[in-house]
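Trainee: I would like to learn how to read a protein model. Can we go through it feature by feature?

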Amino acid sequence: MVFFIFFLCAVITVICAIKLSTYADALSEKTALGGMLVGTIFLAGATSLPEVTTSISAIVLDNPDIAIGNVLGSNMFNLLILASFDLYYRKKRIFKGASGEHFYTASIGLLLAVTTLLALTLRLNITFLGVGLDTLLIVTIYAAGMYVLTNRSKKETLDYEEPEVEEENKLNTSAISLKRAIYGFIIAAFVILVAGSFLTITGDRIAVITGLGSSFVGSFLIAATTSLPEAVAVLIAIQLRNYNLAIGSILGSNLFNILILVGTDVLYQKGSVLFFVSPVNQITAAAVAVLSVIVLYSLLRKNDYSATSYAFPSVLLIIIYFVSSYLIFVH
């Protein structure tokens with residue numbers, strides 16, 4: 001029954017994620033925000049709701065390894081999603097012509113991953129008002145990064161033009177009214193929030209039943225499942241030829257997930273949450289940092305490349321992901 005409920009919640013999450021992506025595309029068309037901002041802020045935040053409920057529920061269950069492993073593992077899996085779809089749709093070259101703001105989003109994500117890795121390595125149980133100084137540093141970097149990103153977005157939106165898309169190849173979301181898009185987005189996000197809570201509870205039971213351990217279950221099984229909305233969001237966005245929405249939803253979700261990590265520390269009463277988790281999470285944090293560097297390279301490289309050289313970064317990212325997952329499992 002535990003496995004059935006876990007699977008059922010995963011299916012519900014996927015269905016709602018499809019709706020989220022469609023409504024998000026409608027919002028990017030019918031408002032002045034554009035695909036990049038809608039993807040990085042609204043869609044990324046909504047698709048990260050399962051991670052929110054998972055991590056909060058894990059803290060309530062006094063299982064910080066699932067809470068932190070879920071956040072870092074989801075960031076790993078999100079980058080795997082982006083690389084996998086980039087490889088599958090390599091002829092479309094989704095990174096080509098991507099908005100310049102994605103570079104800043106990816107850079108902030110890399111800096112946060114490195115800071116988290118240092119916190120997990122140094123393991124300083126120093127708190128201020130019940131919150132670890134390491135997580136306070138993380139939220140400060142996040143706030144500064146989002147401030148810079150917002151200012152850059154205002155400047156570059158004026159100069160950036162979305163790539164032309166052939167009408168017969170673009171799915172139609174113009175029939176969706178702005179009011180319907182807003183309400184539909186909110187409802188779908190709420191259902192995902194509820195499903196995420198059940199994913200955590202059943203995932204905690206699965207960790208006990210299988211004996212795999214909370215770190216691995218959090219970093220791999222639950223992280224992959226709670227990242228299903230991101231996977232569906234990217235797929236739908238690519239089918240809608242809204243590549244900035246696809247990239248922005250993944251990179252923005254990774255930033256939002258790190259903010260969830262800070263929230264778990266606020267709720268955790270025993271001290272700095274990063275001090276009490278397994279050292280295995282260092283592998284996950286290091287993997288996120290390395291994968292972020294590869295994504296940065298994909299965003300920065302020039303457009304004069306062959307089909308083979310274009311696919312290389314995504315292939316490398318996928319290999320590193322599975323090597324890292326194996327190391328987490330072994331340890």
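Mentor: Start with helix packing. Keep in mind that this is a predicted model.

Trainee: How are two packed helices described?

Mentor: Two packed helices are described by the angle between their axes and by the distance between those axes. Here, take helix 4 (residues 64-88) and helix 9 (residues 228-239). Their axes lie 9 Å apart, and the packing angle is about 30 degrees.

Trainee: Are helix 4 and helix 9 roughly parallel or roughly antiparallel to each other?

Mentor: Angles under 35 degrees count as roughly parallel. Helix 4 and helix 9 are therefore roughly parallel to each other.

Trainee: What is the handedness of the crossing where helix 4 passes helix 9?

Mentor: That crossing of helix 4 and helix 9 is right-handed.

Trainee: Next, backbone angles. Which sign of phi do most residues other than glycine have?

Mentor: Most of them have a negative phi. Arginine 93 has a positive value, with phi near 50 degrees. Look for arginine 93 in the loop between helix 4 and helix 5. Arginine 123 also has a positive phi, of about 50 degrees, and is not a glycine. Arginine 123 sits in the loop between helix 5 and strand 1 (127-128).

Trainee: How accessible is arginine 123?

Mentor: Its relative accessibility is 25%, so arginine 123 counts as partly exposed.

Trainee: Now charges. When can side chains of opposite charge pair?

Mentor: They can pair when their charged atoms come close. The count for this model is one salt bridge. In that kind of contact, the side chains of aspartate 62 and lysine 270 meet at 3.0 Å, N to O. This pair links distant parts of the chain, 208 residues apart. Aspartate 62 is in the loop between helix 3 (49-60) and helix 4, and lysine 270 is in the loop between helix 10 (243-267) and helix 11 (281-300).

Trainee: Why does lysine 270 count as exposed?

Mentor: Lysine 270 counts as exposed because its relative accessibility is 53%. Aspartate 62 has 41%, so aspartate 62 counts as partly exposed.

Trainee: Last, the surface. Which residues form a nonpolar patch there?

Mentor: Val114, Leu118, Leu122, Leu124, Ile126, Phe128, Leu129 and Leu133 form the patch. Together they have about 800 Å² of accessible area.

Trainee: Which helix gives the largest share of the nonpolar patch?

Mentor: Helix 5 (residues 101-122) does, with three residues. Leucine 133, also in the patch, lies in helix 6 (residues 133-159). With a relative accessibility of 42%, leucine 133 counts as partly exposed.

Technical notes:
Residues are numbered from 1 along each chain as its sequence is written. This is a predicted model: local features need pLDDT of at least 70, side-chain atom pairs count only at pLDDT 80 or more; totals for chains, interfaces and linings use all residues. Side-chain values use heavy atoms; hydrogens and water are left out. Patches are made of residues with over 30% relative accessible area and no salt bridge: like charges are joined within 9 Å, nonpolar side chains (Val, Leu, Ile, Met, Phe, Trp, Tyr) within 5 Å. Accessible areas come from the Shrake-Rupley method with a 1.4 Å probe; for residues, only the protein chains shown count as cover. A salt bridge is a side-chain nitrogen of Lys or Arg within 4 Å of a carboxyl oxygen of Asp or Glu. Helices (H or I, at least four residues) and strands (E, at least two) are DSSP runs, numbered from the N terminus. Buried means under 20% relative accessible area, exposed over 50%, partly exposed in between (1.4 Å probe, protein chains only). Axes are lines fitted to C-alpha atoms, for helices over the stretch in contact, and angles run from 0 to 180 degrees between N-to-C directions. Angles under 35 degrees count as roughly parallel, over 145 as roughly antiparallel, 65 to 115 as roughly perpendicular and the rest as oblique. A crossing is left-handed if the near helix is turned anticlockwise from the far one by less than a right angle, and right-handed if clockwise.
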